[in-house]
Amino acid sequence: MTVPMTAAELYRHGLRLLLEKDIPGWVDLWDEDGVLEFPFAPQGWPERLEGRQAIADYMRHYPDHVDLHDFPDVHIHRTTVPGTIVVEMRGVGRLVKTDSPFDMTYIAVVTVEGGRITSYRDYWNPLAVQQPGADFVGAN
C-alpha cells in the first residue's frame, strides 16, 4: 500500500509539474471539489474557482503566457491543522508575449485531504499582472 504524500510533499511535487508545464498533471493533484481562491485578485480576475474542472479551465493556457523557470525561496510552514500548510515563495521566469521578466511573490494556504488538494488560497501580488503580457485570464 502506498502512503499518500504529505501536504508539503504534494505541494513541492506540484511545483515541479508547473516547471515541467504539465498542467494536466498539476490539475490531477486536486480533489474533484477542490476550491482555489485569490483573495487579492484585481478586477476582472476570478476570486474563486470551484471544482477541478474550473481550475483546469483557468490554468489550461498558463504556459502559453507565463514561462516559469524556477521557484526560489520556497518556505513551507506546517500548521496545527492536519494537512494544512502555509507557503511563502517566489516564482520567476518570463512573460511569453513580451519576453519580459516575470517575478511574482506568493503566500498560499493549502489544505490536502486524502492525498488531494481540497483548498488553496493564493495570496499572489496583484501588481505583477498589470504588466503587459501577464493578462492571461480569458486568453487562448
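## A small cavity, a nonpolar core and three loop residues

The second largest cavity has a volume of about 30 Å³, where a cavity is, on a 1 Å grid over the protein atoms alone, a set of points at which a 1.4 Å probe fits but cannot get out, and where a volume is the space filled by probe spheres set on points that are joined across faces, edges and corners. The model is predicted, with local features requiring pLDDT of at least 70 and side-chain atom pairs counting only at pLDDT 80 or more, whereas totals for chains, interfaces and linings use all residues. Residues are numbered from 1 along each chain as its sequence is written, and side-chain values use heavy atoms, with hydrogens and water left out.

By this rule there are two cavities of 30 Å³ or more. The lining of the second largest one, meaning residues with an atom within 4 Å of a point, consists of Leu18, Lys21, Ile23, Tyr62, Pro63, Val66 and Leu68. These divide into six nonpolar, no polar and one charged residue, with Ala, Val, Leu, Ile, Met, Phe, Trp, Tyr, Cys and Pro counted as nonpolar, Asp, Glu, Lys and Arg as charged, and the others, Gly among them, as polar. Helix H4 (62-65) and strand S3 (66-70) each supply at least two residues of this lining; helices (H or I, at least four residues) and strands (E, at least two) are DSSP runs numbered from the N terminus.

Over the whole chain there are four helices and seven strands, which follow the pattern α-α-β-β-α-α-β-β-β-β-β along the sequence. Buried residues (under 20% relative accessible area, with exposed over 50% and partly exposed in between, for a 1.4 Å probe and protein chains only) make up 46% of the 140 residues. Among contacts (heavy atoms within 4.5 Å) between residues at least 6 apart in sequence, 51% join residues at least 24 apart.

The largest nonpolar core, a set of buried Ala, Val, Leu, Ile, Met, Phe, Trp, Tyr and Cys residues joined through side-chain atoms within 4.5 Å, has 40 residues, of which Tyr11 and Trp26 touch the most other members. At least two residues of this core come from each of several elements, including H1, H2, strand S1 (30-37), helix H3 (52-59) and strand S7 (116-122), and the largest share, seven residues, comes from H1. Leaving aside neighbours within four places in sequence, Tyr11 is in contact with Ile76, Ile85, Val87, Met89, Ala108, Val110 and Tyr120. In soluble globular proteins, nonpolar side chains tend to be buried together.

Three loop residues can be set side by side.

| Residue | Loop between | Relative accessibility |
|---|---|---|
| Lys21 | helix H1 (7-19) and helix H2 (23-27) | 35%, partly exposed |
| Asp99 | strand S5 (84-95) and strand S6 (100-113) | 54%, exposed |
| Gly83 | strand S4 (75-78) and S5 | 29%, partly exposed |

Lys21, which also belongs to the cavity lining, has a positive phi of about 60 degrees although it is not a glycine, and Asp99, likewise a residue other than glycine, has a positive phi near 55 degrees. Most residues other than glycine have a negative phi. Gly83 lies 6.3 Å from Glu113, C-alpha to C-alpha, although the two are 30 residues apart in sequence. Apart from neighbours within four places in sequence, Gly83 is in contact with Ala7, Val110, Thr111 and Val112.

Conventions: 1 Å grid on protein atoms, 1.4 Å probe; cavity = no way out; pocket = protein on both sides within 12 Å on 5 of 7 lines; lining within 4 Å.
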